[in-house]
Amino acid sequence: MNDIDLPRLRPGFLWGASTSAYQVEGGWDADGKGPSVQDARTDHPEGTTDFKVASDHFHRYAEDVALLAELGLKAYRFSIAWTRIVPDGDGPENAAGIAFYHRLIDELLAHGIEPIVTMYHFDLPQALQDKGGWGSRATIDAFVRYAGILFREYGGKVRHWLTINEQNMMILHGATIGVSGEGSGDTQRDLYQQNHHMLVAQARAMALCHELLPQAKIGPAPNIVSVYPASSAPEDVLAAADFSAIRNWLYLDVAVHGRYNPTAWSYLVKRGIAPVFAEGDQTALAAARPDFIAFNYYFTHTVAAPTGSSADVGHTGDAGISIGEVGVFRAVRNPHLKTNAFGWEVDPVGFRATFREIYDRYRLPLLVTENGLGAFDTLEDGDVVRDDYRVEYLAEHIRQMQLAAGDGVDILGYCPWSAIDLVSTHQGAAKRYGFVYVDRDEFDLKELRRVRKDSFFWYQEVIARNGVPLP
Ligand code: BG6
């Protein structure tokens, strides 16, 4: 389908940008904060920083919000650190930590920026991890209690809530993200039981949100991408559908419909790794209804039929992450796509395809909570950062998002990653995504000065014009 006009985005479209607590805040033990699994990590790749200081947003949030207001953001998607609110996950509340997010939210509202809150972004309290983490059903109760505290405290100020960031990536690539460390001994069976507990926790939190805050909207925030077959061979088509069911629909079918995707469930059963349901789980899952679906999008996958040998595993699109599963699917490079400096395939048209696929399946409004380009930016004399490669990446994706809107997809907003530079999940501070440069190196914090990049001024115009022109 060719398009000639700039399709209209919905009135009040939420032009935003994203961060997460442990990657941007720093202040890792400030004001009574407890350690999270991210603070406890010791597996940072050589030459990359930990998250102790990050971008020091905890101390500089007012300066940062002023910059986001200057950027013209209508919304800011950030996460709340569970360990600031309840330092050990299920014990006493921490008034100072609760006060921090009141200050941040008030500052945003004072600047006319809508807060979009992720309740949990990869940073489980370490104290809960020590007691079995998501393998323990007690963590479900701890999460629901934590959710209740957030609704009580911030419910009068926050309209949009996100439950769990990229639950599917935590299950599929947990070691890389630092949520199930190397040598944790977790089997696939353990992981899918943990996954089930998270799904129940999410369902209960959504139901609680609707009960306590009838005006609020809440949704899941997985990483969802189209999966292409490597060819028109029916076996490749089937492998792509299988991987999509395991990677994408397992998570969204439960979140939206309260039941497991049949293909994903049969995969779990055949491998002997299907989760055990406790009494009440099915009712809890069925009772929950998200108001929208948030999703993160960076690249698509291309998949061929499995060979049945170890050759099925090991395609790496990103340092340290291997995908493919013996007898299920084999990931291949897509010859039609270019890659970025980190080996990630870049696929703006796949963004449009992903929008349509999700909307077709669930008919719920969609909110993009991450999309962006990690790159080694250079700060030049005169405080200039020429990140035209990022502008190109974002422009192409925004264009395809607009085309998706023209295709009939209901899109609530777009929050690219990231609002300001922060520390990458597993590739340090040098891998930058922000509109604002934060002047620090991996181990030299310098003054953590904020500098507007070229993409800052470009995005400012995009927001003012409500989109980019079609080519
Ligand atoms: C998403 C996460 O997976 O991708 C973010 O939600 C993360 O936390 C982002 O930072 C980019 O990945 P990375 O590894 O480049 O930081």
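## A tour from β1 to the ligand

Start by selecting strand β1 (residues 14-18) together with β15: the two run parallel and are joined by 2 bridges. What you have on screen is a predicted model, so treat each stop as a look at a prediction. Zoom in on W15, whose bridge partner in β15 is Y414.

Keep β15 highlighted and add β14. This pair is also parallel, with 3 bridges between β14 and β15. For a landmark, pick L367 and G413, as G413 in β15 is the bridge partner of L367. If you want the background while you look at these ribbons: sheet strands pair through backbone hydrogen bonds, in either a parallel or an antiparallel way.

Now for some backbone oddities. Where does D383 sit? Look in the loop between β14 (366-370) and α14 (388-406). Colour D383 and check its torsions: phi is positive, about 55 degrees, even though D383 is not a glycine. Next, select W417 and S418. The peptide bond from W417 to S418 is cis, with omega near 5 degrees. S418 belongs to the loop between β15 (411-414) and β16 (436-439). Both stops go against the usual trend, because most residues other than glycine have a negative phi and most peptide bonds are trans.

Stay with W417 and turn the ligand on. An N or O atom in the W417 side chain is 3.4 Å from an oxygen atom of the ligand. Then show E166, where a polar side-chain atom lies 2.6 Å from a ligand oxygen. Add Y433 as well: here a polar side-chain atom and an oxygen atom of the ligand are 2.5 Å apart. How much of the ligand does the protein bury? The ligand exposes 380 Å² when taken alone, and 93% of that is buried by the protein.

Widen the selection to everything around the ligand. You should get 15 residues, the closest being Q23, E166, T425, K431 and Y433. Colour that shell by class and you'll see 5 nonpolar, 7 polar and 3 charged residues.

Time to switch to empty space. Rolling a probe the size of a water molecule over the atoms shows where such space is left. How many cavities of 30 Å³ or more are there? The count comes to 5. Go to the second largest cavity, with a volume of about 70 Å³. It has 13 lining residues, and the closest to the centre are A21, Y22, E25, K33 and D39. Two elements give two or more residues each to this lining, namely α1 (21-24) and α3 (82-85). Colour the lining of the second largest cavity by class and the split is 5 nonpolar, 3 polar and 5 charged residues.

For the last stop, go back to ribbons and select β6, β8 and β11. These 3 strands make an open sheet, in the order β6-β8-β11, with mixed pairing. Which strands are at the edges? They are β6 (227-229) and β11 (330-331), each of which pairs on one side only. Follow β6 across to strand β8 (residues 301-304): the two run parallel, joined by 3 bridges. To finish, pick V227 and look straight across to H301 in β8, which stands opposite.

Notes:
Residues are numbered from 1 along each chain as its sequence is written. This is a predicted model: local features need pLDDT of at least 70, side-chain atom pairs count only at pLDDT 80 or more; totals for chains, interfaces and linings use all residues. Side-chain values use heavy atoms; hydrogens and water are left out. A residue is near a molecule or strand if one of its heavy atoms lies within 4 Å of it. A polar contact is a pair of N or O atoms within 3.5 Å; within protein, one must be able to donate a hydrogen and the other to accept it, and residues adjacent in sequence count only if both atoms are side-chain atoms. Accessible areas come from the Shrake-Rupley method with a 1.4 Å probe; for residues, only the protein chains shown count as cover. Ala, Val, Leu, Ile, Met, Phe, Trp, Tyr, Cys and Pro count as nonpolar, Asp, Glu, Lys and Arg as charged, and the others, Gly among them, as polar. On a 1 Å grid over the protein atoms alone, a cavity is a set of points where a 1.4 Å probe fits but cannot get out, and a pocket is an open set with protein on both sides within 12 Å along at least five of seven lines; lining residues have an atom within 4 Å of a point. Grid points are joined across faces, edges and corners, and a volume is the space filled by probe spheres set on the points. Helices (H or I, at least four residues) and strands (E, at least two) are DSSP runs, numbered from the N terminus. Two strands pair if DSSP finds at least two bridges between them.
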